Number of protein chains: 2
Amino acid sequence: MNWDAGAVDTLVQRLALPQPVFVTQPNMPDLGDYHRMLEKIWDRKWLTNDGQFHQEFERRLAAQLKVEHINLFCNGALALLVALQALRINSGEVITTPFTFPATPHVLWWNNIRPVFCDIDPVTYNLDPKGIEQHIRPETRAILPVHVFGTPCDVEAIQAIADRHGLQVIYDAAHAFGVRYKGRSITEHGDLSMLSFHATKLFTSIEGGALVSRSDQLRTRINFLKNFGIANEETVIAPGINGKMNEFQAAFGLLQLDMVDAEIARRAKLTQIYRDGLSGLPGITLAKTPPDVEPNYAYFPMLVDEAKYGASRDELHAALKRFNINSRKYFYPLCSHFPCYAALPSARPENLPVAERVASQVLCLPLYGNLADDAAATLCTIVRELHALLKESPHG
Amino acid sequence: MNWDAGAVDTLVQRLALPQPVFVTQPNMPDLGDYHRMLEKIWDRKWLTNDGQFHQEFERRLAAQLKVEHINLFCNGALALLVALQALRINSGEVITTPFTFPATPHVLWWNNIRPVFCDIDPVTYNLDPKGIEQHIRPETRAILPVHVFGTPCDVEAIQAIADRHGLQVIYDAAHAFGVRYKGRSITEHGDLSMLSFHATKLFTSIEGGALVSRSDQLRTRINFLKNFGIANEETVIAPGINGKMNEFQAAFGLLQLDMVDAEIARRAKLTQIYRDGLSGLPGITLAKTPPDVEPNYAYFPMLVDEAKYGASRDELHAALKRFNINSRKYFYPLCSHFPCYAALPSARPENLPVAERVASQVLCLPLYGNLADDAAATLCTIVRELHALLKESPHG
């Protein structure tokens, strides 16, 4: 690090935020509203297993996302675990991205599938379709791309490859709640899409997740699989698991449905403040919204190029903490670095140059509705002034 | 069925309960108390991932059960899934019982393990130690017994077999919350024990579960595995899964801790009513509490011997519905009958004669604190009078 300690101290005194700024924070519904829903749960004494709120949440969620077939889950990882089982993808290889949350390759592992890591696109940070075909072998069963930060993958190119080779496509759309592409929900692409409603997500049901599928038959099969494969009181059709969402989560999710548009609008405004405040800064690369996309502003990732900015991503991440600002190295490290995957041929860093660079440079800034405009603006000032200090430093 | 339709109609008119009696119903905490806990969640805006209620619940649960090492889970199936992974039981065979909920063999399947079904004891309905050794082969990794209905397995005999053959023992203690054997928690036996806190259980956290283990090292490993193998912000040690319990479940569980002793006492009283009302009835076999056991009265199973009672279990189950009484064929069918396991050599009915008979005869009667004494007494009267009708019938 080339910062002059005294100069940073002075900057901290001038610009540090009085309260800690988190990376994210859930948008809480009105507690009174939630209490009124709990009264119904107390009346019904029905806490889980396809309760009334569960049914209502599934119905209203489908309507709001404008999709037909949806299954709720206790969390996104279980949804993805069951998605693979539902499509009988339980051996061989699946092509995926290393630039994702551990859940993505881990659910492959749990389904006896070897992940094959493929490099990412330098602009969208998503699985690069150009790299997919070289990895296809007789053992390949499917492609599991991720709409990272809610930015849609190149769904047409991926589907064309899948069709040419007879592969299935499952999208990890954990980040992509509400994202639309060419006027349709992004979850309408591929054979199945998984949404996550974890507390750190734009839209949350405490923990939670969902699968969006293409047919009522598949939806029915998924319903069995998420409840131990139980088809009725005396019939178990398959070795399913417990992936059920309970009534307390469903009630929370129902209230969030009415709040998510305002949350997206609020994050859009903060995104604009960040873009205005950080664009043009040397060594800082901001993400762009691709054409035909209605984004959800779920995250604000940026890349820090040490050679041009003057400090590394890790140094900036640590420096921001001194200003009471939490940012997140998301995703770092790459999944291909985890000990359980690092020995795979496809995990070699030389085969994943873009992903390696992005993972070493990416920093997600705080982004959530309750974040004050002023805090976002001050964050930009801090990043700019830290850069200015580096230029002024004799070692800079 | 040998019942005279008109005679049963008359009995229904005389004895049918005015409100439906369920098989079980959760004991709801005071909604006001729960609301006060939610206020804290709303203040903290921390919904999951080892929150304050989660920490408090884990601590108080360990104290109440008098066990040292405990990990909470979103549900019992995920707890058992991770238990096997934690012990690296991920191939070969595990000896278990077919007389259990589907979760038991299914978590073996998810860990690439072939279940080997072993017959049960005719008195306790638990894995019969006498049948275990004939199933031990080089591929055998562990024994997975179930404390069915909360009745302890023959833990000494099972441990002696495990020690002799170098096998691990994992107990499915889903039914056994609070059960003590020779003064200690039953969960202190084996390498790991799994508890379930599903809404249908004596003690519930909406959905939920826990693992009780023997060492702090194992507890730490389980904590990683239930959160994707994440050891810290930049280290993922293994392909874990999302098995996390959220704050809303933990808050519910905390309140239940203060209620469970009264719930057990209430169920003990109802159990006595059932025992007084049904004992001595031809063809009805009631379960017994083995010596040295402090039971939890979680279930009231009985066996219906058609030849002696005059009607089959299925006929009695159907007849009780006419009196507004729900009972449960629990467990029926045996797990060894599910299509995913039926082809295994150990699943052959001729190898599991006791389990086959018990599954065809067992009926669990309604049992929960809110069940009125009168309803339980009337149920006994109905079962007795139905038997009397059969004796009187010219076809009886």
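## Exercises: domains and the chain pair

The domain assignment, automatic or from a database, splits chain A into domain 1 (5-23 + 260-392) and domain 2 (31-257). This is a predicted model, where local features need pLDDT of at least 70, side-chain atom pairs count only at pLDDT 80 or more, and totals for chains, interfaces and linings use all residues. Residues are numbered from 1 along each chain as its sequence is written, with chains lettered from A and ligands numbered from 1 in written order.

**Exercise 1.** Describe how domain 1 of chain A touches domain 2 of chain A.

*Solution.*
- Step 1: the domain centres, taken over C-alpha atoms, are 27 Å apart.
- Step 2: 31 residues of domain 1 of chain A are in contact with 35 of domain 2 of chain A (C-beta atoms, placed from the backbone, within 7 Å).
- Step 3: on the domain 1 side, helix 13 of chain A gives the most, with 5 residues (helices are DSSP runs of H or I, at least four residues, numbered from the N terminus).

**Exercise 2.** Work out how chain B meets chain A.

*Solution.*
- Step 1: 44 residues of chain B contact 44 residues of chain A.
- Step 2: helix 2 of chain B gives the most to the chain B side, with 6 residues.
- Step 3: a turn of 180° and a shift of 0.0 Å along the axis lay chain B on chain A with an RMSD of 0.0 Å (least squares on C-alpha atoms of residues with pLDDT of at least 70 in both). The two copies are thus related as by a two-fold rotation axis.
- Step 4: 100% of the interface residues of chain B are also interface residues in chain A, so the copies meet through the same surface.

Notes: Two residues are in contact if their C-beta atoms, placed from the backbone, lie within 7 Å. Helices (H or I, at least four residues) and strands (E, at least two) are DSSP runs, numbered from the N terminus.
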